[in-house]
Amino acid sequence: MRELDAHQITQAVKRLCIEANCYLPEDVKQCLCQCHSQETWPQAQEILERIIENYKIADANEQPICQDTGVACVFLKIGQDVHICGDLTEAVNEGVRQGYQEGYLRKSVVADPLDRVNTGDNTPAMLYCELIPGEQVEITVAPKGFGSENMSQIKMLRPSDGLQGVKDFVLQAVEAAGPNPCPPIVVGVGIGGTFDKAAYLAKKALLRDMDAPNPKPFYAKLEEELLDEINALGIGPQGFGGKTTALAVKIESFPTHIAGLPVAVNINCHVARHKTEVL
């Protein structure tokens, strides 16, 4: 049994909050550059150039890529042979508290959804824990801005709606979102499980690399088909038209009940921020 001091988790979360907000992942950068080279609409080309220029400035100056530094979504994969010495939830929240303060990141969390009083330190984090074999802890911080989060949808389809029903719903969600989530977007889709599980799967799907298709050929093909159909909508970068409405579609699936077909769509803007560290 390995012992891990909760203070180490705090320090890792602090680092990841700052790095995720200031440095766009390399796979996302490459995808944006590739889309720019393939885009034919002049306005879309110019907007993609501005997006690329923006992340380069953020890189060089160690500044946030976007003013909305988001809710800190923290995904933990905890080895079953690890004993964490201390309060895990408080350790994560303290890391967010320190990271958002030291990184001069905007604090966007309100303590109550109706009272709307800002907590002042961007806590609490949205914490997701998964048990895995081994004695390591993998921490991923994915700051989630609400321009895109607000455009997300979930629907309890009937099994008889089938594949076409799933595709129709995903396309409807993206079309309804239009320019609001700052396209080009990344579309996370969760299929199966229960009402809450589908939403979790959709959010988790956004953590996959741009060039990492679903390991199941059926879903990998569906990802490609949906990406083509979404880009055919013509919404384009920032909603000004063009071929680049989405950078990628990522699908995660899970077994479900015989009477259900839950589907969730979690949309991310082009600032697809996430950073991982293993302790």
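**Salt bridges, cysteines and enclosed spaces in a predicted model**

Modeller: In this predicted model, Lys 77 and Glu 138 meet through their side chains in a salt bridge, at 4.0 Å from N to O.

Biologist: Why is the contact of Lys 77 and Glu 138 called a salt bridge?

Modeller: The term requires a side-chain nitrogen of Lys or Arg within 4 Å of a carboxyl oxygen of Asp or Glu. The N to O value for Lys 77 and Glu 138 is 4.0 Å, so the pair is counted as a salt bridge. In general, side chains of opposite charge can pair when their charged atoms come close.

Biologist: Which parts of the chain does the pair of Lys 77 and Glu 138 link?

Modeller: Lys 77 belongs to strand β2 (residues 71-79) and Glu 138 to strand β5 (residues 137-144); these are distant parts of the chain, the two residues being 61 residues apart.

Biologist: Are Lys 77 and Glu 138 buried or exposed?

Modeller: Neither term applies, because buried means under 20% relative accessible area and exposed over 50%. Lys 77 has 29% and is therefore partly exposed. Glu 138, with 28%, is likewise partly exposed.

Biologist: How many salt bridges does the structure hold?

Modeller: The structure holds 19 salt bridges. Among them is the one between Lys 14 and Glu 102, at 3.5 Å from N to O.

Biologist: What makes the pair of Lys 14 and Glu 102 a tie between parts of the structure?

Modeller: Lys 14 is in helix α1 (residues 6-22), whereas Glu 102 is in helix α4 (residues 88-102), so the salt bridge ties together parts that lie 88 residues apart in sequence. Lys 14 has 14% relative accessibility and therefore counts as buried, while Glu 102, at 46%, is partly exposed.

Biologist: Where do Lys 29 and Glu 26 lie?

Modeller: Both are in helix α2 (residues 26-38), 3 residues apart, which is about one turn of the helix. Their closest N and O atoms are 3.2 Å apart in a salt bridge. Lys 29 is buried because its relative accessible area of 9% falls under 20%.

Biologist: Which residues are linked in a network of salt bridges?

Modeller: Glu 90, Glu 94, Arg 97 and Asp 121 are linked in such a network.

Biologist: How do you know that Cys 17 forms no bond with Cys 73?

Modeller: A disulfide needs two cysteine sulfur atoms within 2.5 Å. The closest cysteine sulfur to that of Cys 17 belongs to Cys 73 and is 10 Å away, so the two are too far apart for a bond. Cys 129 is in no disulfide either, the nearest cysteine sulfur, that of Cys 73, being 13 Å away. The structure as a whole holds 0 disulfides.

Biologist: Are Cys 17 and Cys 129 buried or exposed?

Modeller: Cys 17 has a relative accessible area of 0% and is therefore buried. Cys 129 stands at 48%, which means that it counts as partly exposed.

Biologist: What lines the largest cavity?

Modeller: Its lining includes Cys 73, Phe 75, Lys 144, Lys 203 and His 274. Strands β2 and β5 each give two or more residues to this lining, and β5 supplies the largest share, 3 residues. By class, the lining has 7 nonpolar, 2 polar and 3 charged residues. The cavity holds about 80 Å³ of space, and a search of the whole structure finds 1 cavity of 30 Å³ or more.

Biologist: Which residues lie nearest the centre of the largest pocket?

Modeller: Cys 31, Gln 34, Leu 227, Leu 247 and Ala 248 do, out of 24 lining residues. The elements giving two or more residues to the lining are α2, α8 (217-231) and β8 (246-256). The pocket has a volume of about 510 Å³, and its lining divides into 11 nonpolar, 5 polar and 8 charged residues.

Biologist: Which element gives the most to the lining of the second largest pocket?

Modeller: Helix α7 does, with 6 residues. Tyr 128, Glu 149, Ala 199, Lys 203 and Asn 266 lie nearest the centre of this pocket, which is lined by 19 residues and contains about 350 Å³ of space.

Biologist: Which residues of the largest nonpolar core touch the most other members?

Modeller: Of its 25 residues, these are Val 170, Val 187, Val 189, Ile 191, Ile 230, Ile 251 and Val 263. The largest share of this core, 7 residues, comes from α6.

Note on methods:
Residues are numbered from 1 along each chain as its sequence is written. This is a predicted model: local features need pLDDT of at least 70, side-chain atom pairs count only at pLDDT 80 or more; totals for chains, interfaces and linings use all residues. Side-chain values use heavy atoms; hydrogens and water are left out. Buried means under 20% relative accessible area, exposed over 50%, partly exposed in between (1.4 Å probe, protein chains only). Helices (H or I, at least four residues) and strands (E, at least two) are DSSP runs, numbered from the N terminus. On a 1 Å grid over the protein atoms alone, a cavity is a set of points where a 1.4 Å probe fits but cannot get out, and a pocket is an open set with protein on both sides within 12 Å along at least five of seven lines; lining residues have an atom within 4 Å of a point. Grid points are joined across faces, edges and corners, and a volume is the space filled by probe spheres set on the points. Ala, Val, Leu, Ile, Met, Phe, Trp, Tyr, Cys and Pro count as nonpolar, Asp, Glu, Lys and Arg as charged, and the others, Gly among them, as polar. A nonpolar core is a set of buried Ala, Val, Leu, Ile, Met, Phe, Trp, Tyr and Cys residues joined through side-chain atoms within 4.5 Å.
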